[in-house]
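Reader: Got a minute to walk through this one with me? I'd like to go through it piece by piece.

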Amino acid sequence: MTPITEVEGRRLTLTNLEKVVYPAAGFTKGEVLHYCATAAAPLLAHLRDRPVSFLRYPDGPDGPVFFTKNVPPGTPAWVGTAEVPRTEGPARMVLVQDLASLMWAANLVTEFHTPQWRADAPGEADRLVFDLDPGAPATVVECCEVALWLRERLAADGIAAYAKTSGSKGLHLLAALVPVASEDVSSYAKALAVEAERALPRLVTHRMTKSLRPGKVFVDHSQNAARKTTATPYTLRARATPTVSAPVTWDEVADCDEPGRLVFHAHDIAPRLERYGDLLAPLLDRGRAHALP
């Protein structure tokens with residue numbers, strides 16, 4: 001029998017809870033839902049009011065992996081949605097605003113990806129993001145070196161940066177902004193990526209060209225574009241094991257001398273929340289937002 005549970009007064013049908021989603025770790029769909037419930041407070045805080053793109057992997061990371069951007073068929077009427085502009089015309093996307101909606105979405109088996117703007121102001125970015133992606137043999141260790149440079153450079157412009165793992169190979173830097181056109185944020189971020197390449201030419205490239213990337217960190221500034229999204233803080237990733245895009249301290253970034261030190265799995269997050277709280281909470285405080293220079 002398919003279990004039906006009630007979450008905050010909403011009835012949910014949860015399916016295939018014993019199904020192994022991450023074979024390398026023996027991690028089941030039920031454990032995916034348990035993780036999302038455990039991390040719900042900070043995960044919801046970073047999802048709230050942002051249209052969600054789902055990167056689904058219902059048969060695990062080795063099965064089909066596909067984006068769902070429009071409201072999926074069968075979405076309950078009580079799940080929030082928002083109309084968002086697109087080049088081809090407006091579309092409706094999901095808003096994950098509460099625990100019931102989060103558990104419904106988690107039952108899809110998905111990563112959560114969100115833009116740098118809120119649904120009530122499309123294209124008006126309130127976050128800046130850099131995606132630091134290492135090209136082998138570079139690793140997250142080199143990403144940390146670049147992140148520290150970017151942190152200082154942003155600080156020179158009065159902008160406080162925060163870090164999280166990508167949940168894959170790299171590192172994400174984020175900052176809270178006074179809302180401004182995404183085009184302006186994109187231009188600023190590109191200028192800093194170019195500056196980073198000039199300052200660290202043997203370590204950084206700001207261009208996506210694959211031939212330029214071996215042994216370097218690609219400072220991807222493109223996710224500031226209004227049409228782009230970034231892995232939401234605390235989302236599980238569709239990797240071999242249930243890794244999480246986890247906030248990290250700047251001390252952890254500075255002390256990273258081997259890649260394994262910045263790999264966090266679902267079971268690591270509750271103890272980290274107990275120890276640190278949400279390290280990205282300042283991003284949610286509009287009083288700490290910075291204006292672009």
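Reader: Let's start in the middle of things: which residue stands opposite A163 in strand 12?
Author: That's L173. Bear in mind that this is a predicted model.

Reader: Noted. And what is the bridge partner of Y162 in strand 12?
Author: Y162 is matched with L174. Both of these pairs belong to strand 11 (residues 162-165) and strand 12 (residues 171-181), which pair in the antiparallel sense over four bridges.

Reader: What sits between strand 11 and strand 12?
Author: Five residues, and the two strands form a hairpin. G167 is in the turn, with a positive phi of about 85°.

Reader: How many bridges does strand 12 make with strand 10?
Author: Eight, and those two strands run antiparallel. One pair to look at is D131, whose bridge partner in strand 12 is H172.

Reader: Is strand 12 mostly covered or mostly open?
Author: Mostly covered, with eight of its 11 residues buried. Helix 5 (residues 182-199) lies across strand 12, as well as strand 10, strand 13 and strand 14. The helix runs at about 30° to strand 10.

Reader: Zooming out, what's the strand order in the six-strand sheet?
Author: The order is 13-14-10-12-11-16, in an open sheet with mixed pairing. The edges are strand 13 (204-205) and strand 16 (247-248), each of which pairs on one side only.

Reader: And the four-strand sheet, what order does that have?
Author: That one goes 6-5-9-15, also open, with antiparallel pairing. Strand 6 (66-68) and strand 15 (230-231) are its edge strands, each pairing on one side only.

Reader: Where's the contact point between strand 9 and strand 15, say for T114?
Author: T114 stands opposite T230 in strand 15. Strand 9 and strand 15 pair in the antiparallel sense over two bridges.

Reader: What lies across strand 5 and strand 9?
Author: Helix 3 does, and its angle to strand 9 is about 125°.

Reader: Switching topic to pockets. How much space lies in the largest pocket?
Author: About 570 Å³. There are 26 residues lining the largest pocket, and the closest to its centre are H113, D131, D220, Q223 and R237.

Reader: Which elements give two or more residues to that lining?
Author: Strand 9, strand 10, strand 14 (217-220) and strand 15. So D131 turns up in two places: among the residues closest to the pocket centre, and as the bridge partner of H172.

Reader: How does the lining split by class?
Author: It has 11 charged, nine polar and six nonpolar residues.

Reader: Now helix 2. How many of its residues are buried?
Author: Six of the eight residues in helix 2 (residues 40-47). They are A40, P42, L43, L44, H46 and L47.

Reader: What do those buried residues pack against?
Author: Three helices and two strands, namely helix 1 (29-38), helix 3 (99-106), helix 7 (266-276), strand 9 (110-114) and strand 10 (124-134).

Reader: What's odd about D49, after helix 2?
Author: Phi of D49 is near 70°, which is positive in a residue other than glycine. Most residues other than glycine have a negative phi. D49 is in the loop between helix 2 and strand 5.

Reader: Is D49 buried or partly exposed?
Author: Partly exposed, because its relative accessible area is 29%, and buried would mean under 20%.

Reader: Where does E8 lie, the other one with a positive phi?
Author: E8 lies in the loop between strand 1 (4-7) and strand 2 (10-13), and its phi is about 50°. E8 counts as exposed, because its relative accessible area is 57% and the cut-off is over 50%.

Reader: What about the peptide bond from A136 to P137, cis or trans?
Author: Cis, with omega near 5°. P137 is in the loop between strand 10 and helix 4 (140-156).

Reader: Last one: why does P72 count as buried?
Author: Because its relative accessibility is 12%, and buried means under 20%. P72 is in the loop between strand 6 and strand 7 (80-84). Leaving aside neighbours within four places in sequence, P72 is in contact with F54, V94 and W104.

Methods:
Residues are numbered from 1 along each chain as its sequence is written. This is a predicted model: local features need pLDDT of at least 70, side-chain atom pairs count only at pLDDT 80 or more; totals for chains, interfaces and linings use all residues. Side-chain values use heavy atoms; hydrogens and water are left out. Buried means under 20% relative accessible area, exposed over 50%, partly exposed in between (1.4 Å probe, protein chains only). Contact means heavy atoms within 4.5 Å. Two strands pair if DSSP finds at least two bridges between them. Axes are lines fitted to C-alpha atoms, for helices over the stretch in contact, and angles run from 0 to 180 degrees between N-to-C directions. On a 1 Å grid over the protein atoms alone, a cavity is a set of points where a 1.4 Å probe fits but cannot get out, and a pocket is an open set with protein on both sides within 12 Å along at least five of seven lines; lining residues have an atom within 4 Å of a point. Grid points are joined across faces, edges and corners, and a volume is the space filled by probe spheres set on the points. Ala, Val, Leu, Ile, Met, Phe, Trp, Tyr, Cys and Pro count as nonpolar, Asp, Glu, Lys and Arg as charged, and the others, Gly among them, as polar.
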